[in-house]
Amino acid sequence: MARRRDRGRAPLKPEFALIERIRARAAGRGDVLLGIGDDAALLQPPPGQSLAWSTDTLVSGVHFPDDTAPADIGWKALAVNLSDLAAMGARPAWATLALTLPEADADWLDAFLDGFCELADAHGVALVGGDTTRGPLSITIGVQGFVPGGGGLRRDGAGFNEDIWVTGTLGDAAGALRQWRAGGLQSMKLRHRLDRPTPRVDVGLAIAGFANAAIDLSDGLAADLGHVLARSGVGAELDLGRLPTSITLAEHFADEAARWRLQLAGGDDYELCFTAPASNALAIEQALSACDTFATVIGRITREPGLRLVTPAGEDFALGDESGFSHFGGQA
Ligand code: ADP
Ligand code: MG
């Protein structure tokens, strides 16, 4: 009697062929006891550490322009998740990848994995599982990392008179999106900041002992700092003249007020915003010297609630309705 395996192998279903391509490129780690291929991954967190866990979805046309290269999508999908771990002061370890694809396109997947794996490898992140389904292009990544037991940087710790810091420069990605929407000439430098954000993992780890609150900037400084203020029960005053601005952004957006709007409400920066007592400023500068980027003090925490924006001339600046990206618009 012919046994089943003697009849030769049935061709892999496209879904499993894709999963196999992913598995072949997933790096391992010593704390991954069982990775892709079983019903669940088995993972070994280090003793005494808390697990920081976050997930984010990217939808084509919403979170990236529909002409974004697949490798950039792979990079960005992981980057925005690692940025959340950075904002917690967590050390990344593992990731899961739920992919919804319009078709089983191996070339697209390989290019996507080029970007994804480049960033995962740079941070020593192991891809430990996921799901693969058919539908409109959408990518949901989960990331897990470690913080010292019960520690981590939270949104609710900002205190009166603390300095407000941001890393890097603000508004570059929003400038790129503005140019892309306008359909005219586009700066490749700005577009690179939109397509390949740098998660500030090193900064999150470096400032964890000195900062009292932190958030990553995904929806725009005004909205995201607003979350910190609301959770901490405080307000803030920002000095718009101190917003860190790239030379490229200043070249392409000469009007100061238009630039401030991009920097305050544009989103997609994936820089970190954190607060710390002024007495920690030197320690923070020192800790940042080992990081890939700089950080700038742009204002301070106030007792009065609300966000006050002050121009270099000392006048109040009104942001109006443009207070940051919101998926469902208007009031929640
Ligand atoms: P199940 O039917 O149990 O959900 P799947 O066929 O969806 O199993 O997945 C088989 C294995 O492949 C699992 O270990 C799962 O975590 C992994 N996997 C599926 N899709 C992906 C993906 N897009 N990225 C990484 N791992 C994946
Ligand atoms: Mg599944």
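Biologist: Which polar backbone atom is 3.5 Å from a nitrogen atom of ligand 1?

Modeller: Good place to begin! Keep in mind that this model is predicted. To read such a contact, look for pairs of N or O atoms within 3.5 Å. Here the backbone atom belongs to G129, at 3.5 Å from a nitrogen atom of ligand 1.

Biologist: Where does a polar side-chain atom lie 2.9 Å from a nitrogen atom of ligand 1?

Modeller: Go to T132, whose side chain supplies that polar atom. D38 takes part through its backbone instead: one of its backbone N or O atoms is 2.8 Å from an oxygen atom of the ligand.

Biologist: How many residues surround ligand 1?

Modeller: There are 13, and the closest are G37, D38, L97, G130 and T132.

Biologist: Let us turn to the sheet. What is the order of the strands in the open sheet of six?

Modeller: Reading across, the order is 8-10-7-11-9-12, and the pairing is mixed. Strand 8 (213-216) and strand 12 are the edges; each has a single partner strand, so one side of each lacks a neighbour in the sheet. On average, neighbouring strands are turned by 25° against each other, with direction ignored.

Biologist: How should I picture the side chains along a strand?

Modeller: In a regular strand, they alternate between the two faces of the sheet.

Biologist: Does strand 9 run parallel or antiparallel to strand 12?

Modeller: Parallel, with five bridges joining the two strands. One pair to find is A236 and its partner L307 in strand 12. Towards strand 11 (residues 295-302), strand 9 (residues 235-239) runs antiparallel, joined by four bridges. There, G235 has T302 as its bridge partner.

Biologist: Which residue in strand 10 stands opposite I215?

Modeller: That is C273. Strand 8 and strand 10 (residues 272-276) are antiparallel, paired over four bridges. Helix 10 (residues 281-288) packs on this sheet and touches strand 7 (163-167), strand 10 and strand 11. The directions of helix 10 and strand 7 make an angle of about 10°.

Biologist: Now for a pair of helices. At roughly what angle do the axes of helix 2 and helix 3 cross?

Modeller: For two helices, ask how their axes approach and cross, then which residues meet. The axes of helix 2 (residues 70-87) and helix 3 (residues 106-122) cross at roughly 40° and come within 6 Å. The crossing is right-handed.

Biologist: Which residues in helix 2 meet helix 3?

Modeller: They are P70, A71, I73, G74, W75, L78, A79 and L82; among the helix 3 residues they meet are W108, F112 and L119. By class, the contact has 13 nonpolar, two polar and two charged residues.

Note on methods: Residues are numbered from 1 along each chain as its sequence is written. Chains are lettered from A and ligands numbered from 1 in the order in which they are written. This is a predicted model: local features need pLDDT of at least 70, side-chain atom pairs count only at pLDDT 80 or more; totals for chains, interfaces and linings use all residues. Side-chain values use heavy atoms; hydrogens and water are left out. Two strands pair if DSSP finds at least two bridges between them. Axes are lines fitted to C-alpha atoms, for helices over the stretch in contact, and angles run from 0 to 180 degrees between N-to-C directions. A crossing is left-handed if the near helix is turned anticlockwise from the far one by less than a right angle, and right-handed if clockwise. Contact means heavy atoms within 4.5 Å. Ala, Val, Leu, Ile, Met, Phe, Trp, Tyr, Cys and Pro count as nonpolar, Asp, Glu, Lys and Arg as charged, and the others, Gly among them, as polar. A residue is near a molecule or strand if one of its heavy atoms lies within 4 Å of it. A polar contact is a pair of N or O atoms within 3.5 Å; within protein, one must be able to donate a hydrogen and the other to accept it, and residues adjacent in sequence count only if both atoms are side-chain atoms.
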